[in-house]
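Let's take a walk through this fold, beginning on the inside and working outwards. Keep the 3D view open and follow along.

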Amino acid sequence: EDKVLKNLAIKNIQTYPEKYLKNWINNVNRMLFGTPFSYSSQHSLAALRILPNAILYVLFILSIVTFLLGKIGSNKMIFITLACLILIYLGLSSLVTSMPRYVYTLTPIILITIAIQLNSMLNLINGKVNNIDVTR
């Protein structure tokens, strides 16, 4: 029975790729921001989750962009490993059903990744490379 359902799911995805894309976008929004939920009314206070989550994800994206563009970072391997782990986990989770609780487990890792890149940028601003003062 499981094999039949999997084959039916794959056939539906191939037959209706637009619906699958729309569902995937909703999965990403649901996972990151906790909205929209089907077949239920949305509470107005649910919008309060969007702002802190948006700030967190914007900082995470900015840390990745600054790393890629500026090659800034004294802990490059740690940053690359954590960022890849986060992106792979979120990417694969978004392909199937997704809930905000799937991201809750990653929040500490996202914060650590942001902190690593922020520390590297502050060291660069202060004239340090790999925590060695290079201003002299």
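Setting aside its neighbours within four places in sequence, I110 is in contact with L56, Y57, F60 and I86. Keep in mind that this is a predicted model. I110 is also among the residues with the most contacts inside the largest nonpolar core, a list it shares with Y57, F60, F79, I86, L90 and V103. That core has 17 residues. Helices α2 (17-33), α3 (50-70), α4 (76-95) and α6 (107-125) each supply at least two of its residues.

Now step along helix α6, where you'll find T113. Is T113 buried or exposed? T113 has a relative accessible area of 0%, so it counts as buried. Look past the residues within four places in sequence, and T113 is in contact with F60, F79, L82, A83 and I86. F60 and I86 turn up among the partners of I110 as well.

I114 is found in helix α6 too. Its relative accessible area is 12%, and the cut-off for buried is under 20%, so I114 is buried. Not counting residues up to four places away in sequence, I114 touches L56, L59, F60 and S63. There's a nice distance to check in your viewer here: I114 and I64 are 50 residues apart along the chain, yet their C-alpha atoms are separated by 8.5 Å.

Over in helix α4 sits L90. With a relative accessible area of 15%, L90 falls under the 20% limit and is therefore buried. Which residues does L90 touch, if you don't count those up to four places away in sequence? They are M31, V103 and L106. L90 and V28 make another pair worth a click, with C-alpha atoms separated by 8.3 Å and their positions 62 residues apart along the chain.

Next, the pockets. Here are the two side by side.

| Pocket | Space | Lining residues by type |
|---|---|---|
| Largest pocket | About 200 Å³ | 5 nonpolar, 4 polar and 1 charged |
| Second largest pocket | About 170 Å³ | 11 nonpolar, 2 polar and no charged |

What lines the largest pocket? The residues are N12, I13, Y16, K19, Y20, N23, N27, L95, V96 and T97. The elements giving two or more residues to that lining are α1 (2-15) and α2. Helix α2 gives the most, with 4 residues.

The second largest pocket is lined by 13 residues, and L32, Y57, F60, L87 and L90 lie nearest its centre. Helices α2, α3 and α4 are the elements that give two or more residues to this lining. Some of these names should ring a bell: Y57, F60 and L90 are also among the residues with the most contacts inside the largest nonpolar core. As for the make-up of the lining, 11 of the residues are nonpolar and 2 are polar, with no charged ones.

Finally, zoom out to the whole chain. How many helices and strands does the chain have? There are 6 helices and 2 strands. Read along the sequence, they follow the pattern α-α-α-α-α-α-β-β. The chain has 136 residues, and 24% of them count as buried; T113, I114 and L90 are buried residues you've already met.

Turning to the outside, the chain exposes about 9,700 Å², and carbon and sulfur atoms supply 70% of that. As for how the chain comes back on itself, take the contacts between residues at least 6 apart in sequence: 64% of those join residues at least 24 apart. The contact between I110 and L56 and the one between L90 and M31 are handy examples to bring up on screen.

Technical notes: Residues are numbered from 1 along each chain as its sequence is written. This is a predicted model: local features need pLDDT of at least 70, side-chain atom pairs count only at pLDDT 80 or more; totals for chains, interfaces and linings use all residues. Side-chain values use heavy atoms; hydrogens and water are left out. A nonpolar core is a set of buried Ala, Val, Leu, Ile, Met, Phe, Trp, Tyr and Cys residues joined through side-chain atoms within 4.5 Å. Buried means under 20% relative accessible area, exposed over 50%, partly exposed in between (1.4 Å probe, protein chains only). Contact means heavy atoms within 4.5 Å. On a 1 Å grid over the protein atoms alone, a cavity is a set of points where a 1.4 Å probe fits but cannot get out, and a pocket is an open set with protein on both sides within 12 Å along at least five of seven lines; lining residues have an atom within 4 Å of a point. Grid points are joined across faces, edges and corners, and a volume is the space filled by probe spheres set on the points. Ala, Val, Leu, Ile, Met, Phe, Trp, Tyr, Cys and Pro count as nonpolar, Asp, Glu, Lys and Arg as charged, and the others, Gly among them, as polar. Accessible areas come from the Shrake-Rupley method with a 1.4 Å probe; for residues, only the protein chains shown count as cover.
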